[in-house]
Amino acid sequence: MEKVMEDCTIIIQGKLEKESYDFYIKKYDNCKVIISTWVGTNIDFSNLPKNFKVILAPLPSESGDQNLNYQIISTLNALDMVTTKYVIKVRGDEFFSNLDLVYNRMKEVHPKVLVSSIFFRPLGLYLYHISDHFICGTIGDIKLMF
């Protein structure tokens, strides 16, 4: 990435896949990153870049509809540690190679909250559904969402 997103934190939340973890370590090693996942994850966190933080929480006993409780708890845990003006929240079971583009667009349309396309879900399945694949905006606006 050409420019460090100094005023933005990337939150990687939920179940963390090794492929996603390895990708974010390599691609975003110069960004502030908080990984908020679950106790018992099979990821070795011993070689984290100094700007990465990890939160390991117990998995909630109730998942909620479409695992909503998992997303809310892991996201709120991370949001409590954010010190930057902006945040980009992504899921730990996937990765994005172009978060710098998302960051730049977010700053252009500020104060709007950006979310990934509705079309990550089948069209018509959930009318007016905002996807959780990435969500970004100011820390205050994202906290209000959760």
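This passage walks through the fold, the core and a few individual residues of a predicted model.

The protein has 4 helices and 6 strands. Read from the N terminus, these elements follow the order β-α-β-β-α-β-α-β-β-α. Of its 146 residues, 42% count as buried. Among contacts with a separation of 6 or more, 59% are made by residues 24 or more positions apart.

The 6 strands come together in an open sheet, and a walk across this sheet meets them in the order 3-2-1-4-6-5, with mixed pairing. Strand 3 (52–57) and strand 5 (114–115) each have a single partner strand, so one side of each has no neighbour in the sheet. Further in, strand 1 runs parallel to strand 4, and 6 bridges join the two. Strand 1 also runs parallel to strand 2, this time through 5 bridges. A handy residue for finding one's way here is I10, which stands opposite I88 in strand 4 and opposite V33 in strand 2. Strand 2 itself is mostly covered, with 6 of its 7 residues buried.

Two of the helices can be followed onto this sheet. Helix 2 (residues 68–79) packs on the sheet and touches strand 1, strand 2, strand 3, strand 4 and strand 6, and its direction makes about 140° with that of strand 2. Helix 3 packs on the sheet as well, touching strand 1, strand 4, strand 5 and strand 6, with its direction at about 140° to that of strand 4.

The interior comes next. In soluble globular proteins, nonpolar side chains tend to be buried together. In this model, the largest nonpolar core holds 27 residues, and I10, I88, V90 and L99 are those with the most contacts inside it. Two or more residues each are given to this core by strand 1 (8–13), helix 1 (18–27), strand 2 (32–38), strand 4 (86–91), helix 3 (99–109) and strand 6 (134–138). Helix 3 supplies the largest share, 5 residues. A second core, separate from this one, has 10 residues, including I55, A78, L79 and V87.

The surroundings of I10 show how these pieces meet. Leaving aside neighbours within four places in sequence, I10 is in contact with M5, Y28, C31, K32, V33, I34, I88, V90 and L99. I88, V90 and L99 on that list are also among the residues with the most contacts inside the largest core.

Y28, another contact of I10, leads on to the aromatic residues. Y28 is buried, with a relative accessible area of 0%. The structure holds 7 aromatic pairs. One of them joins F23 and Y28 in an edge-to-face arrangement, 6.4 Å from centre to centre and with 70° between the planes. F23 and Y28 also belong to one aromatic cluster together with Y24 and F95.

Polar side chains have their own story, and T84 is a good place to pick it up. T84 sits in the loop between helix 2 and strand 4. With 8% relative accessibility, T84 falls under the 20% cut-off and so counts as buried. The side chain of T84 makes a polar contact of 2.7 Å with the side chain of T9, and at 2.8 Å it reaches the backbone oxygen of Y86. Beyond its neighbours within four places in sequence, T84 is in contact with E6, D7, C8, T9, K32 and I139. K32 thus appears both among the contacts of T84 and among those of I10.

E94 lies in the loop between strand 4 and helix 3. E94 is buried too, with a relative accessible area of 17%. A polar contact of 2.6 Å joins its side chain to that of H133. Apart from neighbours within four places in sequence, E94 is in contact with S20, Y24 and H133. Y24 brings the description back to the aromatic cluster, of which it is a member.

S46 offers a contrast to these buried loop residues. Its place is in the loop between strand 2 and strand 3, and at 53% relative accessibility S46 counts as exposed. The side chain of S46 nevertheless has a polar partner, since a contact of 2.8 Å joins it to the side chain of D44.

Methods: Residues numbered from 1 in each chain as written. Predicted model: local features only at pLDDT ≥ 70, side-chain atom pairs only at ≥ 80, totals over all residues. Heavy atoms only, no water. Core = buried A, V, L, I, M, F, W, Y, C linked by side-chain atoms within 4.5 Å. Buried < 20%, exposed > 50% of the residue type's maximum accessible area, 1.4 Å probe, protein only. Contact = heavy atoms within 4.5 Å. Pairing = 2+ DSSP bridges. Axes fitted to C-alpha atoms, helices over the stretch in contact; angles between N-to-C directions. Polar contact = N/O pair within 3.5 Å; in protein donor to acceptor, adjacent residues only side chain to side chain. Phe/Tyr/Trp six-rings, centres within 6.5 Å; stacked < 30°, edge-to-face > 60°.
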